Each structure stands twice: as C-alpha cells, then as structure tokens.
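Trainee: I should like to understand how the terms used for a structure follow from its values. May we go through them one by one?

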Amino acid sequence: MAGKIYHRERYLEKVRPFYTSDLIKVITGIRRCGKSCLMLSVIEELMQSGVHAKDIIYLNLDKRGYRSVKTPERLEAEIECNLKDEDFKYLFIDEIQNVRGFEEVINGFREEGRFSIFVTGSNSYLLSGELVTKLTGRYIEIDMFTLSFSEYLEMKAFLGKATSDTNQEFNEYLLYGGFPQSLELDDVESKTTYIQNVVTQIVEKDIKGRRKIRNLDVFDRVMTYVINNYGSPTSLSNIVEYFKNVERVHIKRTTLANYIKLLENAKVIYKCPRFDMKSRRSLRSEEKYYLADLGIYYARNTDVRINHGSALENVLFIQLKTRGYAVSVGRIGKLECDFIVRKRKSYSYIQVSMTIVEKTVEDREYQPFSFIKDNYPQYLFTLDPLLQRRDGVTHLNLRSFLEEDGELSID
C-alpha cells in the first residue's frame with residue numbers, strides 16, 4: 001500500500017464489529033466514493049493489531065495482472081494460490097463484479113469458517129437480485145457516500161491543502177462536491193474534468209455495461225433531466241409530458257421508470273419518498289431524488305451559480321443517510337415538511353432554508369410545524385448566523401452542524 005490513507009472513521013466504526021465475522025462485508029456506494037480506500041484502511045488496522053501479512057489476501061480485479069480473472073474458476077484459483085497455510089484469513093476483493101458468478105465462490109470460502117470476506121464492486125451489479133438470492137442472510141452492506149463536509153475539511157488538512165474561511169470552503173463544497181480524489185486537484189478545470197469522467201465511467205461501466213439500453217440518447221436526456229431537477233418533486237407522468245411537449249421525445253412511462261431505477265442502482269441518485277403524516281404511510285407519487293454528490297450537477301452544467309434551496313437540502317439529506325436515518329418528505333394536508341427523519345420508532349421533523357431574515361419566509365418555514373401534533377423534535381436549518389427560539393423549534397446553523405458532523409436528538 002503506497003502512501004498514507006485518509007481513514008474515514010464513520011465507516012470504520014460500522015465495519016469494525018464485523019472484522020472477524022463470517023458475514024460477507026459488501027461495501028457499496030457511487031463509483032470513486034472511497035470504497036477501495038476503506039478496504040485498505042481496514043487492512044492497515046488489522047496489521048496494526050497484529051494480524052500477519054500472510055493472513056491478508058487483497059485482490060484488485062481492475063489492476064494489471066488480475067484483469068484475466070473473469071470466471072469463478074479463475075477467481076477460486078487466484079485465491080487458492082495466495083493461501084500459505086490453514087490459519088484464519090482476511091480476504092479482500094475489489095471490483096468483484098468483473099467475475100460473473102462470483103457469489104458461489106465467495107460463499108464457498110465463507111462456509112469454510114476460516115475466512116473474513118470483504119468485497120466491493122459496481123453497485124448496479126452488487127445490488128442485483130443475484131446477490132440477494134444467493135447470499136441471503138449471509139452478508140451485510142456498508143453503504144458509502146462521498147466526503148461529508150466535516151470529512152472534506154479533515155481530508156484537506158490530511159493532504160496539506162490550504163483552506164480559506166469555513167464559509168468559503170462550504171460554498172466550494174456545495175459547488176464541487178466531495179469526491180475524495182477531486183480534493184487532490186487544485187484548479188477548477190481539473191476538478192470538472194475528473195468528475196465528468198467519473199460520471200462517464202458510471203454510465204459506461206455500471207449502467208450500459210450491465211443493461212441493454214435501446215435508445216442511448218433518450219437515456220442521456222432522462223439522466224440530464226433528473227440530475228438538473230434534483231430536490232424537486234418528481235412525477236413520472238409529468239416527466240413523460242415534459243419530454244413529449246418540450247423535448248419532442250416520446251417515452252413510455254415504464255421505460256422512464258426503468259431508466260430512473262438504473263440511476264438509483266448505480267447510486268447516482270437516491271430516492272426520498274413521500275410520507276403522509278396523518279396516516280403514517282408512504283406515498284408512491286411525487287418522490288424527490290437527491291444526488292449522491294453535488295459535483296455531479298456542476299460537472300454537467302455550465303451554470304456555476306448555487307441553487308441554495310436544493311443544494312442545502314441535498315447535503316443534509318446525505319448527512320442524515322450516513323447516520324442511518326430513514327428520510328422522507330412529509331405531507332401534512334396541502335403543506336410539505338422538507339424531511340421526516342425516522343430511526344426505530346422515533347421521528348424528527350426538519351425544515352431547510354437558506355435564511356429566514358425576511359418575516360414572510362420565517363412564517364412560511366414555521367407553518368408546517370404548527371400542524372404537527374406530537375412531541376417529537378422539530379428542527380429548522382438555515383445559514384443564518386443568529387439563531388432564534390420560537391414555538392419549541394430548534395434552530396440550527398446548517399454549515400456548523402455539518403462541520404461538526406452533527407447528530408439529531410431523535411430518541
């Protein structure tokens with residue numbers, strides 16, 4: 001392992017309890033979010049704890065020397081040739097989707113009882129029915145995201161990069177996102193090119209490489225539409241009408257739904273369903289979709305202005321997902337609550353706004369809270385430096401909350 005590795009503690013905390021477990025550790029997340037580095041971080045920790053190098057097997061199937069490993073037989077042979085004795089082994093396989101039918105091989109080693117297995121790979125494949133069917137109950141999923149704002153600041157310091165004031169750093173984070181390798185690039189053009197290439201790789205390898213798409217132009221238009229309208233209510237019927245009347249493109253509702261699902265499976269976007277607060281039931285209409293990383297929007301658009309409404313919702317949504325919360329858009333009659341956050345049987349209610357300096361905006365943001373009759377916590381996130389106390393709602397500065405890697409009081 002050449003060079004120092006930035007250890008992402010929040011994910012190490014999730015995987016540490018399973019270091020010696022026979023459950024297969026499946027690390028998922030958008031391409032280039034840091035899955036391979038998490039594996040290398042685990043290896044470093046194991047070696048520091050006294051695990052001998054001979055008991056650690058690491059295969060990166062995208063690297064030269066392993067690219068011919070395409071069949072279950074070759075994969076099994078490659079693992080076997082790395083076994084030096086009968087001691088307990090830690091097996092790490094990167095980009096395992098390169099091997100068709102890998103599940104049976106991995107499960108075979110798991111059943112021997114002397115392997116702790118970690119795998120990463122293309123999300124659209126690892127989350128397919130094959131993994132679920134063949135390894136049901138035998139694996140755990142560690143879902144990774146690109147850098148949170150607190151990690152973004154920590155990694156810049158780790159890399160020895162100069163930082164400006166926190167407000168400026170936050171604006172850059174909203175614009176360029178948190179793909180780890182992009183932090184190593186200093187100029188805007190290089191960052192943009194890098195993120196564009198990441199998106200291209202996702203489309204070519206994780207989507208088109210696994211699923212036959214008959215009309216690539218229409219798929220690209222759908223992807224552009226969803227990315228450009230992140231954080232907005234999404235209705236399949238409305239999108240079909242938009243393409244028919246504006247783009248002059250006819251697309252079937254089922255085709256549109258399949259295209260959006262492909263983007264979900266590749267973890268380019270995450271669905272935020274609607275939740276009716278009166279019936280306590282999820283609604284199937286007009287979900288919202290948020291981007292895995294805001295840099296995706298910037299890399300595909302020439303407009304460098306930040307839409308703070310959607311961007312602030314997006315970064316908070318991802319922060320909450322990394323904390324393991326179930327996040328929904330709340331509906332209270334005709335009103336909408338930006339987020340209902342659930343963990344176990346407890347709830348929190350959240351509104352997000354850039355500012356509430358104007359009284360009309362303040363009243364609008366507080367209005368949904370007035371219709372909530374239970375006693376679960378209520379939060380208002382803004383970028384205002386001065387926080388207020390009103391109607392029992394906790395008013396927090398979003399930038400500070402993210403910088404401190406904040407946690408909700410939800411229990």
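Trainee: Why is Cys337 not counted as bonded to Cys272?

Mentor: The sulfur of Cys337 is 10 Å from the closest cysteine sulfur, that of Cys272. A disulfide requires a pair of cysteine sulfur atoms within 2.5 Å, so 10 Å is too far for a bond. Please note that this is a predicted model, in which local features need pLDDT of at least 70 and side-chain atom pairs count only at pLDDT 80 or more, while totals for chains, interfaces and linings use all residues. Residues are numbered from 1 along each chain as its sequence is written, and side-chain values use heavy atoms, with hydrogens and water left out.

Trainee: How many disulfides does the structure hold, and what is the closest cysteine sulfur to that of Cys37?

Mentor: The structure holds zero disulfides. For Cys37 the closest cysteine sulfur is in Cys33, at 9.9 Å, which is again too far for a bond.

Trainee: What makes Cys337 buried or exposed, and how is Cys37 classed?

Mentor: Buried means under 20% relative accessible area, exposed over 50%, and partly exposed in between, with a 1.4 Å probe and protein chains only. Cys337 has 0% relative accessibility, so Cys337 counts as buried. Cys37, at 40%, is therefore partly exposed.

Trainee: Why is the pair of Phe149 and Phe170 called edge-to-face?

Mentor: Rings of Phe, Tyr and Trp (its six-membered ring) pair if their centres lie within 6.5 Å; planes under 30 degrees apart count as stacked, over 60 as edge-to-face and the rest as tilted. A search of the whole structure finds 23 aromatic pairs. In this one, the centres are 5.0 Å apart and the planes stand at 70°, so the pair is edge-to-face.

Trainee: Which parts does the pair tie together?

Mentor: Phe149 lies in helix H7 (residues 149-158) and Phe170 in helix H8 (residues 166-176), so the pair ties together parts that are 21 residues apart in sequence. Helices here are DSSP runs (H or I, at least four residues), while strands (E) need at least two, and both are numbered from the N terminus. Phe149 counts as buried because its relative accessibility is 1%; Phe170, at 2%, is also buried. Both rings belong to one aromatic cluster with Tyr152 and Tyr173.

Trainee: How do you know that Lys25 lies over the face of Phe118?

Mentor: A charge sits over a ring if NZ of Lys or CZ of Arg is within 6 Å of the ring centre and within 35 degrees of the ring normal. Lys25 lies at 4.7 Å from the ring centre of Phe118. Likewise, Lys343 lies over the face of Tyr325, at 4.3 Å from the ring centre.
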